[in-house]
Amino acid sequence: MPPPLASFLRFFRSTPARLTVGFVSLFLVGTLLVFAYLSFQIKAALIAQIDKALLDQQSLLTVQYRDSGAAGLFRAIESELLSKGKRERNYRILDRNGRVVFEAGELTLPEVKPFKGVQDMRIPPVGGEPGGHARAVSFRLGDRYTVYLAHSTQSIDRTMQGFWMALIQALVLILLVGLGLGYWLGRRFWSQIEAFNQMAMKIVHSANLSSRLPVSGDDEFAALATNMNAMLERIEKLFQGIRQVSDNIAHDLRSPLTRLRADVEVALQQNDPAKYRETLERALEELQKMQEIFQSLLSLGQAEAGSLQIRKKPLDLSALLEDVVELYGPLMEEKEQTLTTRIPPGVTISGDRQLLAQVFSNLFDNAIKYVPAGGVIELAMARRGERVEIVLADSGPGIVPEMRSKVFDRFVRLDPSRTLPGTGLGLSLVKAFVELHGGSVSVSDSRLGGAAFTILLPVQ
Amino acid sequence: MKFLIIEDDNSAADFLRQGLGNFGYEADVAHDGEEGLDMARKNDYDLWLIDVMLPKRDGLSVLKSLRDEGKQVPALILSARGQVDDRVEGLRAGGDDYVVKPYALNELQARIEALLRRAKNYGKHPETELTVGDLHMDLLTRKVTRAGQEIYLKPREFRLLEYFMRHAGQVVTRTMLLENVWDYYFDPQTNVVDVHISRLRYKIDKYFPKPMLHTVRGTGYVLRAADDAPQEAGRNGE
C-alpha cells in the first residue's frame, strides 16, 4: 500500500470518489430546490393567514363603529391590543382632514395614502429598532374616519429563518454523512479495483501468468475477478501451449539441423570424395524431413487460422475410403497386418477430397506404424442421423487414457524416444482438417485391444 | 533445348540455371514479370519456368497473357504456395505443371522431361497401344503382355504401368505418381507407393530374365526396355 496521504490523494482522483462527490452534490441541489419550494409555499400560507386576520379585524371594527361609535371603536381596539399584544399590530385612524385622531400599537407606520385590499408595507427603522415588513389594510369608517391597520410579518420571517437554519443544519449533516459513506463505499470499490490494477501490473512486470485475483463475496467484483481469473488461466494455458510448441519445434528442427551441421563439418575436415557424397545424401534426407515438418506446420497454421481455402463439393466418401484402403492395403499386407473394412457404398457428403484423403491417410500411417505384425486394423463407416461415423480401430498398443486428450496436440508423439518416423503433426492435421469440415475426432479403446479413432462428419 | 526462367531471386535463378545445365539444358533468366513477358514474346523457348510471386507483374498474369496470345510453350509453375487451391489457380492460368518450393532438382528434372514429352506428342492421335521393349499394353482391351505372355493387373496397377509406359525412359518421382495415378496432392509419411511399385515389378519383371522397372535412388523409378542398359541409375533391388 502507498503512504496514506498519497493514497488518499490518489483516491480523490478515482472514479468512486468522483461519483460520491457527484451524487452528494446532486442530492444537495435537489434538497435545496425542494426546501425553496416548500418555504415559498409556507410563507405564502402564513401571509394568507395574516391577511385573513386583518380582513376579519376590518369587519369587526366596522361593526363596532356602527354599533358604538368612535368611542366603542377605540375601546375595542384597546382590548384587542391588550389581548393579542402590541408589538405586532398598529392601528392608525385619521379624520377627514388627515389628522391622526387615534394611534395604537408599536409599529411605526409610514405616511401612506388610502389603498385597496391587503398590501405589503415597509416599516422604516426607527431608533434602535430595525425596519421590516408588514401586511396592511386601509378602510373608511362612515365618512369621517380612515383606518390603517397593519400586522408585522416579522414572526413569519423568524419562522422562515428557523426553517432555513434547520435546513442548513440538515444539509451539513447530509453532506458529512454522504461524503463519509461515499468515502467508505468508494474506498471499498477503489481498493478492489486497485487490487486488480496491482495484479495486472504484477503480471506485466513479472510475466508470471500464474497470479490470480482474490475472490470475495458474490457481487459484481467477485464475478469480474472470477472471469479475469478464467481469462488468465486461458492465457496461461495458451502461453504454455505456445511455449510447448516452440520447444518442440526447436527440438524437431534443431536436432536435424545439429546433425546436419556436424555431419557437414566432419565431412569437410576429411578429404574424401566418397565421404562427401555420402554426407550430402544424408544431408538431403535431413532436409527432406525438415521440409515435411515445415509443410505440415504451415498447413496446420493455415487450417487453424482459417485461411486455408476449403473446396467443399459433393464427395463420395465410400469411394474415397476405398481409394485410401487400396493405397494402403499392400503396405499392410507387407507388414502382415490384417485389414477388414465395412464401407457401405454410396455415402455422399460435402467435403474436400484432398483434405479428407489426407485425414484417412494420416490415420492409416499411424495405425501401420504402431500395429505389430500379425495385428488387425479395422475400418468401418456408418450413417448416424445427420452425420457419418468412421471408425479406425486397431489391435496395437493403444493409447493410455491420460494421453488421449493430448494425441491431437502438435508434436505429441506416443513414442517418447522419437525414433519411429513421423513429425508428430499427423494427428494435429487430422483434427484441424476434420474440424474444417464441421466434424470431430476422438480416440478411445477398441475392442481389438488397441486404439480406436472415431471421426464424425456432417453429411451436408 | 533452351528454357526461360522467370525468377526474381538472383541466387535461386542462378542455382536453377546451373542445375538445369547439369541435366543438359540451357536457360535464360528474366528477373521480373515484365522482362519475362518480353523475353518469352521475342524468343522461342522449349519450356518456361515461371515463379508466381514476381515484381512488376505476377507470374500467373504473365502466363495468362502469353496463353491469350496463342503461345503453346509448355509452362512449369514454381511457387512457394502449395495448397490445392493455388495449384488449381496455376493450372487454370495455363500452367502445365506446378511444383512447390523448395523442390528437389531431381523432381524438377523428372517433371520437365514429362512436360517435354507431352509437348512432343501434342496434337498426335491418342494412342490405343503402348509398347516399351517387349512390354505391350492395349488401352482398349486393357490387356498387358510381356514377350507374348499375358500379365494380369489390378485397375490401379494398370494405371501405374500406363503412366510408366507413357514416360518410358524417364525418371518418375513418388510425388508424380501420387499426383497422376492416385490424384493425391500430399505426401504420405510412409513409403506407401514403394509397395505398389514392388508389386507391379513382381508382375512384370519376376518371370523374365531382364528387369524393366528400376529404382533411381533418392528420386524415384524408371521404366526402360529390357535391352537398354541402365545409365547412371543405381539399381536397388527388391
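**Figure 1. Helix α6 of chain A meets helix α8 of chain B, with axes that come within 8 Å and cross at roughly 80°.** This is a predicted model, as are all the close-ups that follow. Angles of 65 to 115 degrees count as roughly perpendicular, and α6(A) and α8(B) are therefore roughly perpendicular to each other. On the chain A side, look for A:L327, A:Y328, A:P330, A:L331 and A:E334 of α6(A). Facing them from α8(B) are B:V192, B:V195, B:H196 and B:R199. By class, the residues of this contact are six nonpolar, one polar and two charged.

**Figure 2. The contact between the two chains takes 22 residues from chain A and 18 residues from chain B.** On the chain B side, two helices, α4 (84-92) and α8, each supply at least two of the residues that touch chain A. Which helix gives the most to this side of chain B? That is α8(B), with four residues. Taken by class, the side of chain B that touches chain A has nine nonpolar, six polar and three charged residues.

**Figure 3. Within chain B, helix α8 (residues 192-205) also packs with helix α6 (residues 155-166).** The axes of these two helices lie 10 Å apart, at an angle of about 85°. That angle makes α6(B) roughly perpendicular to α8(B). From α6(B), the contact uses B:E157, B:L160 and B:L161. From α8(B) come B:H196, B:R199, B:L200 and B:K203. Three of the contact residues are nonpolar, one is polar and three are charged. Readers coming from Figure 1 will recognise B:H196 and B:R199, which also take part in the contact of α8(B) with α6(A).

**Figure 4. Inside chain A, helix α6 (residues 317-334) packs with helix α7 (residues 353-370).** Here the axes are 10 Å apart and the angle is about 30°. Angles under 35 degrees count as roughly parallel, and α6(A) and α7(A) are therefore roughly parallel to each other. Their crossing is right-handed. Along α6(A), the residues to find are A:L320, A:L321, A:V324, A:Y328, A:L331 and A:M332. Their partners on α7(A) are A:R353, A:L356, A:A357, A:F360, A:S361, A:F364 and A:I368. By class, this contact has eleven nonpolar residues, one polar and one charged. Two familiar residues of α6(A), A:Y328 and A:L331, also belong to the contact with α8(B).

**Figure 5. Helix α3 (residues 59-68) of chain B has buried residues at B:G59, B:L60, B:V62, B:L63 and B:L66.** Where do these buried residues fall when seen down the axis of α3(B)? They fall within an arc of 160°, so they line one face of the helix. The elements of chain B that cover them include the strands β1 (2-6), β3 (47-51) and β4 (75-79). Helices α2 (33-42) and α4 are also among the covering elements. Helix α4 is familiar from Figure 2, where it supplies at least two residues of the side of chain B that touches chain A. Just after α3(B), look for B:G70, which takes a positive phi of about 90°.

**Figure 6. Chain A as a whole has nine helices and twelve strands.** Chain A has 460 residues, of which 24% count as buried. Among its contacts between residues at least 6 apart in sequence, 61% join residues at least 24 apart.

Notes: Residues numbered from 1 in each chain as written. Chains lettered and ligands numbered in written order. Predicted model: local features only at pLDDT ≥ 70, side-chain atom pairs only at ≥ 80, totals over all residues. Buried ≥ 20, exposed ≤ 12 C-beta atoms within 10 Å, placed from the backbone. Contact = placed C-beta atoms within 7 Å. Axes fitted to C-alpha atoms, helices over the stretch in contact; angles between N-to-C directions. Parallel < 35°, antiparallel > 145°, perpendicular 65-115°, else oblique. Nonpolar A, V, L, I, M, F, W, Y, C, P; charged D, E, K, R; others polar. Arc of directions from axis to C-beta. Left-handed = near helix turned anticlockwise from the far one by under 90°.
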